[in-house]
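Q: Please take a close look at how the copies of the chain are arranged with respect to one another, and explain what the superpositions show.

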Protein chains: 4
Amino acid sequence: MYQVRTDLALEAREKFEDDHVEVKGVIVKQEHVKGNMTVTKVVIETENGAKAMGKPKGNYVTLEAPDMADSDEDYHREISMQLAKILKELIPIEKKELSVLVVGLGNREVTPDALGPRVVDNMMITRHIIRQFGKYAFGLKNNHQISSIVPGVMAQTGMETLEIIKGVLEETTPDYIIAVDALAARSTKRLNRTIQITDTGISPGSGVGNHRHALNRESVGIPVIAIGIPTVVDAVTIVGDTMSNLVSAMEETRRLEGLGHSISQLEEAEKHELIRELLSPNLNAMFVTPKDIDESVKRLSYTISEGINMAFFPA
Amino acid sequence: MYQVRTDLALEAREKFEDDHVEVKGVIVKQEHVKGNMTVTKVVIETENGAKAMGKPKGNYVTLEAPDMADSDEDYHREISMQLAKILKELIPIEKKELSVLVVGLGNREVTPDALGPRVVDNMMITRHIIRQFGKYAFGLKNNHQISSIVPGVMAQTGMETLEIIKGVLEETTPDYIIAVDALAARSTKRLNRTIQITDTGISPGSGVGNHRHALNRESVGIPVIAIGIPTVVDAVTIVGDTMSNLVSAMEETRRLEGLGHSISQLEEAEKHELIRELLSPNLNAMFVTPKDIDESVKRLSYTISEGINMAFFPA
Amino acid sequence: MYQVRTDLALEAREKFEDDHVEVKGVIVKQEHVKGNMTVTKVVIETENGAKAMGKPKGNYVTLEAPDMADSDEDYHREISMQLAKILKELIPIEKKELSVLVVGLGNREVTPDALGPRVVDNMMITRHIIRQFGKYAFGLKNNHQISSIVPGVMAQTGMETLEIIKGVLEETTPDYIIAVDALAARSTKRLNRTIQITDTGISPGSGVGNHRHALNRESVGIPVIAIGIPTVVDAVTIVGDTMSNLVSAMEETRRLEGLGHSISQLEEAEKHELIRELLSPNLNAMFVTPKDIDESVKRLSYTISEGINMAFFPA
Amino acid sequence: MYQVRTDLALEAREKFEDDHVEVKGVIVKQEHVKGNMTVTKVVIETENGAKAMGKPKGNYVTLEAPDMADSDEDYHREISMQLAKILKELIPIEKKELSVLVVGLGNREVTPDALGPRVVDNMMITRHIIRQFGKYAFGLKNNHQISSIVPGVMAQTGMETLEIIKGVLEETTPDYIIAVDALAARSTKRLNRTIQITDTGISPGSGVGNHRHALNRESVGIPVIAIGIPTVVDAVTIVGDTMSNLVSAMEETRRLEGLGHSISQLEEAEKHELIRELLSPNLNAMFVTPKDIDESVKRLSYTISEGINMAFFPA
């Protein structure tokens, strides 16, 4: 019909919930934490689970905070602390000194896609100092070497993002990558209210732009932790979903008895064909985003960078 | 049902064309010009015409160029020349020396809304030089005094855009305002392909953000020429329109005989109610824009600033 | 000889200290506060004092923090708190609800001059919300109406900064202006380490650019509190001062007995003439600034905006 | 005494001219071309010449245009054309299809150092298109594959610029690098008026920031063409040079007979010691740049990107 895209494992899981279906090989745990936040862990354990979910095997942790879009600084500090806690569960930060490359994916020039580059702008970068002045340069307990790069997008560089990152890895051999990227959600309700942290890296088709090749342990040889916030919904998804809902509503509504009957006689394939025909082909290159996306991206990029800084360099 | 919004007089007119209706008090002339461009003049002559079109009385000139989204520099030069020509028809540039304030409306931090501010970045600003060094400072034939301002949006300034502009006018008393703004189209096909020039100023609800109060001759006391390019479609418009099309398709299609029959029995009001219910309320604060909007805004802001520069300071 | 320029009253006062001269009509008080900070109050009480100092009558408070250039966030929080305290001494913030216009002076495109615009980027703007939703919109004790503007510089707008601000004042009638600007110091040692807060506004020739007309109570009719940080030294000042020091060193040094004797025979005017001749005329349009000015301006603009936010909206 | 730094071979050569000295192994040719431009070729042929000049062996072409700082667009087009011509002499552009990586060195956040990144912003990037759609994708005669990267500076990335570039080279194997960088001149008179093109790459200590390791054929294995414009003078250089001039003036001036006599008795070493003492140590981290550097960098980055685009993709 049309490609429903969501980068959130949480939303991929919800499709099944709506149909009251258990997905084999997928475990979900939910926890409510301080500050009205919800932490949901989705573990995709088997290849079958991965196929059903349309996402690679691994851990997906989602931090939802309904007021994340507000500007309360103390609240954002709490979100950063939760993010730091989740990172420490995925990376052995307190066990040894690590070299970590933070990659800010996306296009700095397109507001909802600037999340990754803007997170990098506020990172505490230590690698060059520690290498030059030794491990006591900062007087810190843990001398993690943090480096960072904003590779840009293919239209700007003429190169695959993965080519650039692989090159940098060969030269600087970090232990971990933390990749930060803007994500696409299925529902506008999630935009700028959810942080997803996963150890599965970044999959093809993620983000606003087009990173094409997966950035994960398989492609680069070291663990890739991805941190993302949905800032857009694909235009095709939003239009297609609303039309599906319209068809469903017609089937269900009592007001339209005869109509519902007729529609329910349509084959599923016919319904899809009908919707597909109405979707303008140039919708594929379009996205939906809130009008105040500048404020959200500014605030949330700071919340994420603070979370990473706290994880590696606790006060 | 839902507010179909278009800032383009051309699209407002097309609604009637689809229904083969003549609109009294509205005149439309079309002309094909060099470079595969189309210039359409819509003149709204009467208050009735204004009511029907949902736009104030006045002249609306639309410059359409199918390849406007491409990066061919020489082609953009031709578009700039056409824009200069249209401006000279609306402003008596060659008759006397003018003082003109160019206003870059919109939010520099949101890519599709940055058109106005970015046009101002490339303007040739002369007012301060001519006032300080006299009319021979540039050795030009016409010593037009160009000044400019980027007022920002209300969320940034806490002030109505109109308050800021009116204040600046009182102090600097220009003869004309040229206001540049990103517009909302009804159809994604028009995005970044159309320039609208009008002597009616900017109406409430235009643009990506919210300028609330009209910026026009009535509100500021001097003529306001507005130049705009549609860079977004309202999310509500795109979703609502597609659903209307779906309903129409159901009514028309032969495959769905019984169905079409049932739907056509629905009252118009019921159809609207059905669609309205399915429209998520937070869609109102969302817009749809192309993924490569950064390149389009960069290129088109340059094309417009060149057009204005050519109009006032021909080589 | 050459114009020694400093926007800091503290440095203007130091000239006299070096000569062990008391300046009549000028009172200086110094206080050491928490965090290794020094707060110096210079009060210019009489017109004679103003003439001697080359600065208008009024209060100049200087906050010096040697580690202000470092990136310690908690330390910057303390600086912001000191700034808030000083602001509350100059503005009756706790006594009544005020309407305050924050003006970000300077050129956003020139890094050391971007301080003012960047402070405005992080301000909590409330005027439009309170005017629309009433005084309980924020649930705050004090409903100060904060608005802001970044007027740009004359080369960008073609207008005097003062023209723009006066216009905005007429329309929006605030009670106070807080003007934030990058300053010029005499000594490179002060750069990015000193905040000056004064109730005398901004004087001609301040900042990196050229604001020409004073922005003060006299010119705009309401009190103007100016907050500035020196981010540049004029190239002429730095070169001229070093040459003066060279001549002085030659006069004093024992190694150069005969030489010192000869120079001391020169008339003061001859010495000045000699130095003036060696100063390249295009030095006038040049400034000196540190290579890491981007990091300092980013950090310090945040420190100032936090200080203003804390003064008006204590947690 | 103090390190006199110039990145311009032209200025390095002038030191000797002032003393009427021939430098063995260094050939200089000058040519006046259309538009009041001067093209100077300095060829350093031997290691001795390199030592004398303080620059590696190779070709240095300097394009001087006194009005380069002005905003005349047609004039800048001519400069771009000259640049394209010089590039075609150093790179066999017309002989075969090349893969070229354009590197924008420097710090985008510091205005005079943003030249390199801003040149890259306007490059015509073709590599990804040609690789995806084949050599007829653009319908051009020459299908040069242009890619680009803005590596950032060490304070931002924690990595040596050379590490990043070497990594990218390993993955994408271009034939040539074109590295664009802001340079340091000795004299303020050259700022923003001179383009240097060299086949020797970028040497340690170049630019405003600190690239530390040379980027040249030796370090990366492929030819590196460097394009630079001086946008700053080191603060130490400008102050030191003025003091030297003062001492010389004192020696020469008739007015100061006794004085000149005394100074000429000083040993050279004593003079240097005197000047060195007066140079503030924190001057080392400072630079001098014009107040309107934003306009120059904006214009000149466009002039360079146009020149490169013209060289590879003639209209």
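A: Copies are superposed here by least squares on the C-alpha atoms of residues with pLDDT of at least 70 in both, a criterion that applies because this is a predicted model. In general, two copies of a chain are related by a rotation about an axis and a shift along it. For chain C, a turn of 180° combined with a shift of 0.0 Å along the axis lays the chain on chain A with an RMSD of 0.1 Å, and the two copies are therefore related as by a two-fold rotation axis. Within chain C, the residue that comes closest to this rotation axis is Y302(C), whose C-alpha lies at 6.3 Å. As for the contacts, 100% of the interface residues of chain C are also interface residues in chain A, so these copies meet through the same surface.

Turning to chain B, chain A is superposed on chain B by a rotation of 180° with 0.0 Å of shift along its axis, at an RMSD of 0.0 Å. In chain A, the C-alpha nearest that axis belongs to V288(A), at 2.2 Å from it. Here, too, the copies meet through the same surface, because 100% of the interface residues of chain A are also interface residues in chain B.

Key. Residues are numbered from 1 along each chain as its sequence is written. Chains are lettered from A and ligands numbered from 1 in the order in which they are written. This is a predicted model: local features need pLDDT of at least 70, side-chain atom pairs count only at pLDDT 80 or more; totals for chains, interfaces and linings use all residues. Side-chain values use heavy atoms; hydrogens and water are left out. Contact means heavy atoms within 4.5 Å.
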